[in-house]
Amino acid sequence: EGGQPEKASQAWNAMVTVRAGDPSRYLEAATVFWDYFDYGRAAELLLEARAATRDPVLHANRLAAVYESNGDHEKAVGEYILVLWQVDLYDLEARRRLSYLSRARKLKPVILERFRSLMARHPDDARLVTACAEWLVLVGDEREKAALYLAAVEKHRDMDLLEAIGAFFDG
């Protein structure tokens, strides 16, 4: 809609409603709004995609990037943690961005608190402990990782986690 942003906006919003429930349509439209610095609408579309598909982690990396572009680093942290916890523990983008936010934006205490809060709400989820431990390795905090593992060994019976804890303290 060359030079007519309101018409273009209407067209991209209509594209989503025509194929409601198609996650790629939401992502396409959100990307356009993101490219034109309408971060609020981009985030809304990504959240609508989650609701439409009933997938609470859909497009988490993209949503984190939108939040980060908008300066809402704490929301970005939550999405990047969600990726590591629920999608892929070794997701390179989420790991890289959390490491950056820890160091450059001085958000290490915020990230650690977010992990702790999630672990308190999901005390039996070993994947969350593992995600936090992996992040602590990235930021070079062996002491905090040791404290995390000491607390986890009392609560968890997940063999993979217990083996990782054993290897950490044996090494």
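How much accessible surface does the chain have, and what share of it belongs to carbon and sulfur atoms? The accessible surface comes to about 9,600 Å², and carbon and sulfur atoms account for 52% of that area. These values were computed from a predicted model.

**Overall build**

The chain contains 10 helices and 0 strands. Read along the sequence, the pattern is therefore α-α-α-α-α-α-α-α-α-α, with helices numbered from the N terminus. The C-alpha trace spans about 65 × 30 × 25 Å along its principal axes. Of the 171 residues, 43% count as buried. Among contacts with a separation of 6 or more, 44% join residues that lie 24 or more positions apart.

| Property of the chain | Value |
|---|---|
| Span of the C-alpha trace | about 65 × 30 × 25 Å |
| Accessible surface | about 9,600 Å² |
| Carbon and sulfur share of the accessible surface | 52% |
| Buried share of the 171 residues | 43% |

**The nonpolar core**

The largest nonpolar core has 53 residues. Within this core, the residues that touch the most other members are Tyr80, Leu98, Ile111, Phe115 and Trp135. Leaving out residues up to four places away in sequence, Phe115 touches Ile81, Leu128, Ala131, Cys132 and Trp135. Trp135 thus appears both among the core residues named above and among the partners of Phe115.

**His73**

His73 is found in helix α5, which covers residues 73–87. Is His73 buried or exposed? Its relative accessible area is 16%, and because buried means under 20%, His73 counts as buried. Apart from neighbours within four places in sequence, His73 is in contact with Glu68, Leu101, Arg105 and Leu107.

**The second largest pocket**

The second largest pocket has a volume of about 160 Å³. Which helices each supply at least two residues of its lining? They are α7 (108–121) and α9 (142–155). The largest share, 4 residues, comes from α9.

The lining consists of Arg116, Met119, Ala120, His122, Pro123, Asp125, Val129, Leu148, Ala151, Ala152, Lys155 and His156. By type, the lining residues divide into 7 nonpolar, 2 polar and 3 charged. Because Asp, Lys and Arg count as charged, the charged group takes in Arg116, Asp125 and Lys155. Both His122 and His156 line the pocket, and they fall in the polar group because His is not listed as nonpolar or charged.

Terms used:
Residues numbered from 1 in each chain as written. Predicted model: local features only at pLDDT ≥ 70, side-chain atom pairs only at ≥ 80, totals over all residues. Heavy atoms only, no water. 1 Å grid on protein atoms, 1.4 Å probe; cavity = no way out; pocket = protein on both sides within 12 Å on 5 of 7 lines; lining within 4 Å. Points joined across faces, edges and corners; volume = space filled by probe spheres on them. Buried < 20%, exposed > 50% of the residue type's maximum accessible area, 1.4 Å probe, protein only. Contact = heavy atoms within 4.5 Å. Core = buried A, V, L, I, M, F, W, Y, C linked by side-chain atoms within 4.5 Å. Areas by Shrake-Rupley, 256 points an atom, 1.4 Å probe, with all protein chains shown as cover.
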